[in-house]
Amino acid sequence: MKPLALVSGASRGIGRMIAQHLAQNGYDIIAVARDEQKLRALAVELREASDATVTCISADLDQFGVAAKKIKNVLEEFGRLDVLVHSAGIFRFGTGQMEMQDLQALLNTNVMAVHNINQIALPLLRMSPNPHLFAIASITGVEPFAMVGGYASSKHALVGYIRSIAQEESANGVRVTAICPDVVDTDMAAASGMPKSDMIRPDDIAKTIEFVMSLSPAVTLDQITIGCRPTAGSVRDAA
């Protein structure tokens, strides 16, 4: 039986690359995202490129009850989980003048949705012989950024939450890591003003996950920060 990985935000960007990478490395995949059409395209691609079993869950993670029910139903069918990757996230500009609904949306997607999935997934991860939990945070989760304070606040909350989960789950054998990259070459980084050559590649994030998973069980890495080359006049925004 192959190990099983659940990846949120799998339909595009970093999440898609991570799903591809895990499938190529022998994992069956549960892919979660809002866009059902893109999920189906991903499933076809992964099945053609590997022998992975791909299960798609189309869900808006901000609808906590509906999303939880869909994910729980699928996980109960498998009865197991080895790797969980929280890659779904949204970005908004703004700090002091940010609209309340924008800040709430950031917190809902970037923090609350992670906790919603964890409540379902952690009991299964604890039963795995080699369980890992990853959250794709951001460099803005460890540094202040004036123009994107709302986004930074959600990522600070995520990093604090994930590092606390890492301590909590250490006794259960679940290794937990928050990955905090600078600007990654995805559509979310279009407003950064950085040339693609100076951005982190999505496959760098997938390789980081592979590196962490290759380490011995004695190693804990609750946070990894990945920088990129600074470009004059750019806005270092979303991971």
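**Figure 1. Seven strands make up an open sheet in this predicted model.** Reading across the sheet, the order is E3-E2-E1-E4-E5-E6-E7, and the pairing is parallel. The edges belong to E3 and to strand E7 (223–226), and each of these pairs on one side only. Go from one strand to the next and you pick up a twist that averages 15°.

**Figure 2. Strands E2 and E3 sit side by side, with H2 as the link.** E2 covers residues 28–33 and E3 covers residues 54–58; the two run parallel and are joined by five bridges. To find your bearings, look for Ala31, which stands opposite Cys56 in E3. To get from E2 to E3 the chain goes through H2, giving a β-α-β crossover that is right-handed.

**Figure 3. Strand E1 pairs with strand E4, and helices lie on the sheet.** Four bridges hold together E1 (residues 4–8) and E4 (residues 83–86), and these strands run parallel. One pair to pick out is Ser8 and its bridge partner in E4, His86. H1 stretches across E1, E2, E4 and strand E5 (132–136), and its direction is at about 170° to that of E1. H2 packs on the sheet too, where it touches E2 and E3 and makes about 175° with the direction of E3.

**Figure 4. Helices H1 and H2 cross at roughly 25°.** H1 takes in residues 13–24 and H2 residues 36–49, and their axes come within 10 Å. With angles under 35 degrees counted as roughly parallel, that crossing angle makes H1 and H2 roughly parallel to each other. H1 passes H2 in a right-handed crossing. On the H1 side, look for Arg16, Ala19, Gln20 and Ala23; they meet Lys38, Leu42, Glu45 and Leu46 in H2. Sorted by class, this contact has four nonpolar residues, one polar residue and three charged ones.

**Figure 5. Helices H3 and H4 meet in a right-handed crossing.** The axes of H3 (residues 64–78) and H4 (residues 100–125) come within 10 Å and cross at roughly 30°. That angle makes H3 roughly parallel to H4. H3 brings Phe64, Ala67, Ala68, Ile71, Lys72 and Leu75 to the contact. From H4 come Asn108, Met112, Ala113, Asn116, Ile117, Ile120, Ala121 and Leu124. The class count here is 11 nonpolar, two polar and one charged.

**Figure 6. H4 also packs against H5, with axes that come within 7 Å.** H5 spans residues 149–170, and the axes of H4 and H5 cross at roughly 15°. H4 is therefore roughly parallel to H5, and the crossing is right-handed. Along H4, the residues to look for are Leu103, Leu106, Leu107, Asn110, Val111, Val114, His115, Asn118 and Leu122. They meet a set of H5 residues that includes Gly150, Tyr151, Ser153, Ser154, Lys155 and Ala157. Leu158, Tyr161, Ile162 and Glu169 are also among the H5 residues in this contact. By class, the contact of H4 with H5 has 11 nonpolar, six polar and two charged residues.

Technical notes: Residues are numbered from 1 along each chain as its sequence is written. This is a predicted model: local features need pLDDT of at least 70, side-chain atom pairs count only at pLDDT 80 or more; totals for chains, interfaces and linings use all residues. Side-chain values use heavy atoms; hydrogens and water are left out. Axes are lines fitted to C-alpha atoms, for helices over the stretch in contact, and angles run from 0 to 180 degrees between N-to-C directions. Angles under 35 degrees count as roughly parallel, over 145 as roughly antiparallel, 65 to 115 as roughly perpendicular and the rest as oblique. A crossing is left-handed if the near helix is turned anticlockwise from the far one by less than a right angle, and right-handed if clockwise. Contact means heavy atoms within 4.5 Å. Ala, Val, Leu, Ile, Met, Phe, Trp, Tyr, Cys and Pro count as nonpolar, Asp, Glu, Lys and Arg as charged, and the others, Gly among them, as polar. Two strands pair if DSSP finds at least two bridges between them. A crossover is right-handed if, with the strands pointing away from the viewer, the path from the first strand over the helix to the second runs clockwise.
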